[in-house]
Amino acid sequence: MDAHRRLLRIGMMAGLGSGFCWAVNNLLFSHGFTVMLGVSSALLLPLFCAAINDSCAAVSLLLVNGAKGLLGSFFRAIHSRSGRVICLAALIGGPAGQLAYYYGIAYAGATYALMITALYPVIGCVLAWFFLKQKITLRMWLGILLSGLGAVLLTYDGSMNAIQADFSLGIIAALLAACCWASEIVLAVYAMSDLSASMAITIRECISGSTLLLLTVLFFPLAEFGSLLTDASMGLFSLACAGVLAGLSYLLFYLANKTVGCARGTATNATYLVWGLLLSMFLGTGTEVTLRVIIGCAGVLLGVLLVSINTEEESDG
């Protein structure tokens, strides 16, 4: 019983930590992207930024594993059956999911893209329940739905300014991103029956980062590289820092999902919206605290509380 509760605490703290790190990543990534947007108007700029983010995450995780003397284990793991499953998860959640998310923002606007993708925990739990046979109680389902609805309230500003000719394409892209992220974590949890969270996320970021870098080299306009390197160095530095935070965030996210399951892992990670709000208020970026925002935060936090409650019945099961 004590061991179960200790694992529960570790998993929940890892999930909350992943949400905090992801909120900081979003702030740094947004700053870097904005700086570069002033230099480059290339349609493929999101691809370039995503490549920097994931490749820096991969390098930081490889350095950590190298310091631990685990690089040999990394190369063995990537060729194992579970390693190949993680590679598939990386391609789904990385290049496919991230780019779909960024283009959802580009075509439908950040408000609507965030609203749609914030529902990925619900999709992930459905997939985990169906494919992994993870036990999800009625109370946990209620918590997941509350967390998702709270996230929607936090991101919805009542504005219709984002609507444009390609709005439907943006909504489809955002929905695709949510499905990709949900599928990724279910595949990762399946693979982590044989792999540690640290090894799994290192493989994930290496595959995602290298694939995005390859796509950038193949398709990003060559003329844009020079201007980005010379005129947007601070943007590159911000993206690199965001990448390091992304690596830590994903490591904690994978650890949470492996330890306490997809329901609790994804619900605690969804607190990145609350962390982001608190950070923006602390940094004075002009976030207005309205009744909608308060209710949204309460929904996310109450949802996390509901999925995190440990009962005797669940401990025995």
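**Figure 1. Lys133 lies over the face of Phe130, at 5.4 Å from the ring centre.** This view, like those that follow, is taken from a predicted model. Lys133 belongs to the loop between helix H6 (120-132) and helix H7 (138-155). The backbone at Lys133 has a positive phi of about 60°, although Lys133 is not a glycine. Most residues other than glycine have a negative phi. Is Lys133 buried or exposed? Lys133 counts as exposed, because its relative accessibility is 64% and exposed residues are those over 50%.

**Figure 2. Arg204 lies over the face of Tyr250, and Tyr250 belongs to an aromatic cluster.** The distance from Arg204 to the ring centre of Tyr250 is 4.3 Å. Which residues form one aromatic cluster with Tyr250? They are Trp22, Phe253 and Tyr254. Tyr250 is buried, with a relative accessible area of 9%. Residues count as buried under 20% relative accessible area. Tyr254 is also classed as buried, at 0% relative accessibility.

**Figure 3. Phe20 and Trp275 form an edge-to-face aromatic pair, and the structure holds 11 aromatic pairs.** The two ring centres of Phe20 and Trp275 are 5.2 Å apart, and the angle between the planes is 85°. The pair links distant parts of the chain: Phe20 is in helix H1 and Trp275 is in helix H12 (residues 272-282), with their positions 255 residues apart in sequence. Phe20 is partly exposed, with a relative accessible area of 36%. Trp275 is partly exposed as well, with a value of 29%.

**Figure 4. Tyr250 and Tyr254 form an aromatic pair that is edge-to-face.** Their ring centres are 6.4 Å apart, with 75° between the planes. How many residues apart are Tyr250 and Tyr254 in helix H11 (residues 233-269)? They are 4 residues apart, so about one helical turn separates them.

**Figure 5. Leu44 lies in the loop between helix H1 (2-37) and helix H2 (45-67).** Residues up to four places away in sequence are not counted among the contacts described here. With that restriction, Leu44 touches Tyr103, Phe219 and Phe220. Leu44 and Thr216 are 172 residues apart in sequence, while their C-alpha atoms are 8.1 Å apart in space. Leu44 is partly exposed, as its relative accessible area is 25%.

**Figure 6. Thr117 is a buried residue of helix H5 (residues 110-117).** The relative accessible area of Thr117 is 1%. Which residues does Thr117 touch, not counting residues up to four places away in sequence? Thr117 touches Tyr101, Ala174, Ala177, Ala178 and Trp181.

**Figure 7. Leu229 is an exposed residue of helix H10 (residues 222-231).** The relative accessible area of Leu229 is 54%. Leu229 and Val39 are 190 residues apart in sequence, and the distance between their C-alpha atoms is 10.0 Å.

**Figure 8. The chain that contains these sites has 14 helices and 0 strands.** Along its principal axes, the C-alpha trace spans about 60 × 55 × 35 Å. The radius of gyration is 19 Å, which agrees with the value near 20 Å for a compact globule with 317 residues. Of these 317 residues, 52% count as buried. Among contacts between residues at least 6 apart in sequence, 88% join residues at least 24 apart. The chain exposes about 14,300 Å², and carbon and sulfur atoms supply 72% of this area.

**Figure 9. Confidence in the chain is highest in helix H9 and lowest in helix H14.** The mean pLDDT is 94 in helix H9 (residues 197-219) and 45 in helix H14 (residues 312-316). Across the chain, the average pLDDT is 85, and 91% of the residues score at least 70. Where pLDDT is low, the predicted coordinates should not be read in detail.

Note on methods: Residues numbered from 1 in each chain as written. Predicted model: local features only at pLDDT ≥ 70, side-chain atom pairs only at ≥ 80, totals over all residues. Heavy atoms only, no water. pLDDT = per-residue confidence, 0-100. Helix = DSSP H or I, 4+ residues; strand = E, 2+ residues; numbered from the N terminus. Buried < 20%, exposed > 50% of the residue type's maximum accessible area, 1.4 Å probe, protein only. Contact = heavy atoms within 4.5 Å. Phe/Tyr/Trp six-rings, centres within 6.5 Å; stacked < 30°, edge-to-face > 60°. Lys NZ or Arg CZ within 6 Å of the ring centre and 35° of its normal. Rg over C-alpha atoms; globule rule 2.2 N^0.38 Å. Areas by Shrake-Rupley, 256 points an atom, 1.4 Å probe, with all protein chains shown as cover.
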